[in-house]
Amino acid sequence: MGSSADSIREALWTASAREPTVNPDVFADKRRVDVAIIGGGFTGLSAALAAATRGASVALCEARTVGWGASGRNGGQVIPGLKLDPSEMRAAYGPSAGDRLVKAVGEGPDIVFDLIARHGIDCEPKRAGWIQAAHAESALARVQKRGGEWLAEGAPVELLDAAALKRLTGTEAYLGGWIDRRAGTLQPLSYARGLARAAQAAGARIHEGTKATALSREGETWRVTTSAGEILARDVIVGQDGYSDDLIPGLSESLICVQSAQVATEPLPEAVRATIMPGGVCASETRRLAFYFRQSPDGRLLFGGRGAIGDAENPAFHGALAAAMRRIFPATRDLRIEHRWSGQVAMTLDGLPLIHEPHPRLLTGHGYNGRGVAMATLMGRWLVARALDGEAPPLPVTPLQPMAWHRFRKPAIQVGIAWAWLRDRMGFAA
Ligand SMILES: Cc1cc2nc3c(=O)[nH]c(=O)nc-3n(C[C@H](O)[C@H](O)[C@H](O)COP(=O)(O)OP(=O)(O)OC[C@H]3O[C@@H](n4cnc5c(N)ncnc54)[C@H](O)[C@@H]3O)c2cc1C
């Protein structure tokens, strides 16, 4: 087992990013700002851009480099919605708050693709839709109900039988599903760097290599102690997600951090390129440990899935992923794997993102359960609206709830993941 910490070097996105690396601001010992932001992923960067655009002075500190966390390593699938269906959101939060949430999460991709266009972010965006493919009859009924609900909301959605799904994806491995044409794809590391560039242009200061080590309150001011100096701020916004540490006591114990890993083939031969995931469509499927796949902008097949827990990468998992890819897409059988990498995602017990305000003017949002490209972009804006205007976000602000025996849950969850992997491979329905 090795650490996933630097597997970003092996990521296709690091090798292919068109947006240049960020030109970081120099830290001047002590800095006083309206809003201090911790974490240079989509949550923090979207917050920095939103706050600076509103005229607030902003300092963002990122322990490594912009996009170093999950934001620079993901599948680049820009998917609307949450893991709850519209009817479930209304049942959970009531008709009026539920309506607001359905609308807010449904337009996530609009917000992402608008930001890309407005700030000229060179992240190879494509809006060809996201497919949820069912691996079993029970899953087909479940996802087609979900597709039907979004159709009733007026979303550009189609239900797919096995033949239609095969036409769109090039695989016979699934029984059907649905396609949501609000969704699309992008180059995630370029998107992160482009958000940082736009935030800087709006006046935000971005400090790379600057780890926040302590938060303390002095009267009306937050003091953020970092590895490079201090930031004094009226508001603090924290976006650490799967890389949460003990900066906010109890935060990392309220999340389950798991690895998501990907492999990328060599560029597909021209004839194959037109048959496997053509035209920029992306997909994920319905197994407990679901696979997700798309073509990269340079015509490789990207294939990902969830594996280990914690920050230890299991190299054998990349081999298992490649084997699954070749089973689902036999035309990739003889292709070389040229990139393999992984990153950490924060999961929550109910599958929904979390927003906490553990102290006045200290906000944190996370727990995207592997669906953070659109959702973390939204979250950054929601946290800024809360900080600057006192606006209630579309998801409730809840108390931090560290899980009892979190430490001992890890081995149990690891066994659970192994069991889910085995059941998935043996073909049991979810
Ligand atoms: C392999 C993989 C595939 C995925 N695929 C998809 C997908 O296709 N579609 C989708 O919607 N989602 C996907 N996700 C999930 C998505 O990438 C995340 O939900 C999202 O990027 C989270 O963004 P974030 O800004 O909250 O956190 P991150 O991007 O993880 O950023 C957190 C940052 O905080 C920094 N940090 C932590 N502690 C400190 C500190 N004390 N001081 C300073 N900085 C600190 C870290 O260095 C890190 O850069 C995937 C994730 C992975 C790992």
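This report walks through the ligand site of a predicted model and then visits several residues and one helix elsewhere in the chain.

**The ligand and its shell**

Let us start with the ligand. There are 36 residues around it, and Thr43, Glu62, Ser71, Gln77 and Val373 come nearest. By class, this shell is made up of 18 polar, 12 nonpolar and 6 charged residues.

Three side chains place a polar atom by an oxygen atom of the ligand, and the table below sets them out.

| Residue | Side-chain atom to ligand oxygen |
|---|---|
| Thr43 | 2.7 Å |
| Ser71 | 2.5 Å |
| Asn74 | 3.2 Å |

On its own, the ligand has 1000 Å² of accessible area, and the protein covers 98% of it. Four elements give two or more residues to the shell: helix 2 (42-53), strand 13 (256-265), strand 18 (337-347) and helix 11 (372-389). The largest share comes from strand 18, with 3 residues.

**Ser71 and Gln77**

Two of the residues that come nearest to the ligand deserve a visit of their own. Ser71 sits in the loop between strand 3 (58-61) and strand 4. Is Ser71 buried or exposed? Its relative accessibility is 10%, so Ser71 counts as buried, given that the cut-off for buried is under 20%. Besides its polar atom 2.5 Å from a ligand oxygen, the side chain of Ser71 reaches the backbone nitrogen of Phe42 at 2.9 Å. Leaving aside residues up to four places away in sequence, Ser71 touches Gly41, Phe42, Pro188 and Leu189.

Gln77 belongs to strand 4, which runs over residues 77-78. With a relative accessibility of 9%, Gln77 is therefore classed as buried. A polar atom of the Gln77 side chain lies 3.3 Å from the backbone oxygen of Phe293. Which residues beyond four places away in sequence does Gln77 touch? The list is Trp130, Gly184, Cys282, Ala283, Ser284, Tyr292, Phe293, Arg294 and Val373. Two of these names have come up already: Phe293 is the partner in that polar pair, and Val373 is among the residues nearest to the ligand.

**Helix 11 and what follows**

Helix 11 is one of the elements that give two or more residues to the ligand shell. Does its length come out as short of the expected value or in agreement with it? At 1.5 Å a residue, its 18 residues should span 26 Å, and the end C-alpha atoms are 24 Å apart, so the two values agree. The helix is mostly covered, with 14 of its 18 residues buried. After the helix comes Gly390, whose phi is positive, near 70 degrees.

Further on, Val397 lies in the loop between helix 11 and helix 12 (406-426). Its relative accessibility is 29%, so Val397 counts as partly exposed. Val397 and Glu357 are 40 residues apart in sequence, yet their C-alpha atoms are 6.8 Å apart in space. Setting aside residues up to four places away in sequence, Val397 touches Ile355, His356, Glu357 and Arg386.

**A long-range pairing at Ala11**

Ala11 is found in the loop between strand 1 (2-3) and helix 1 (12-16). Its relative accessible area is 0%, and Ala11 is therefore buried. How many residues along the chain lie between the positions of Ala11 and Arg340, counted as their separation? They are 329 residues apart, while their C-alpha atoms are separated by 6.2 Å. When residues up to four places away in sequence are not counted, Ala11 touches His339 and Trp341.

**Two residues with positive phi**

Most residues other than glycine have a negative phi. Two residues in loops are worth a look with that in mind.

Asp241 has a positive phi, near 40 degrees. Asp241 sits in the loop between strand 12 (230-238) and strand 13, and with a relative accessible area of 15% it is buried.

Asn369 also has a positive phi, near 55 degrees. The loop that holds Asn369 runs between strand 20 (362-366) and helix 11. Asn369 is buried too, with a relative accessible area of 3%.

Terms used
Residues numbered from 1 in each chain as written. Predicted model: local features only at pLDDT ≥ 70, side-chain atom pairs only at ≥ 80, totals over all residues. Heavy atoms only, no water. Near = heavy atom within 4 Å. Polar contact = N/O pair within 3.5 Å; in protein donor to acceptor, adjacent residues only side chain to side chain. Areas by Shrake-Rupley, 256 points an atom, 1.4 Å probe, with all protein chains shown as cover. Nonpolar A, V, L, I, M, F, W, Y, C, P; charged D, E, K, R; others polar. Buried < 20%, exposed > 50% of the residue type's maximum accessible area, 1.4 Å probe, protein only. Contact = heavy atoms within 4.5 Å. Expected span 1.5 Å × (residues − 1).
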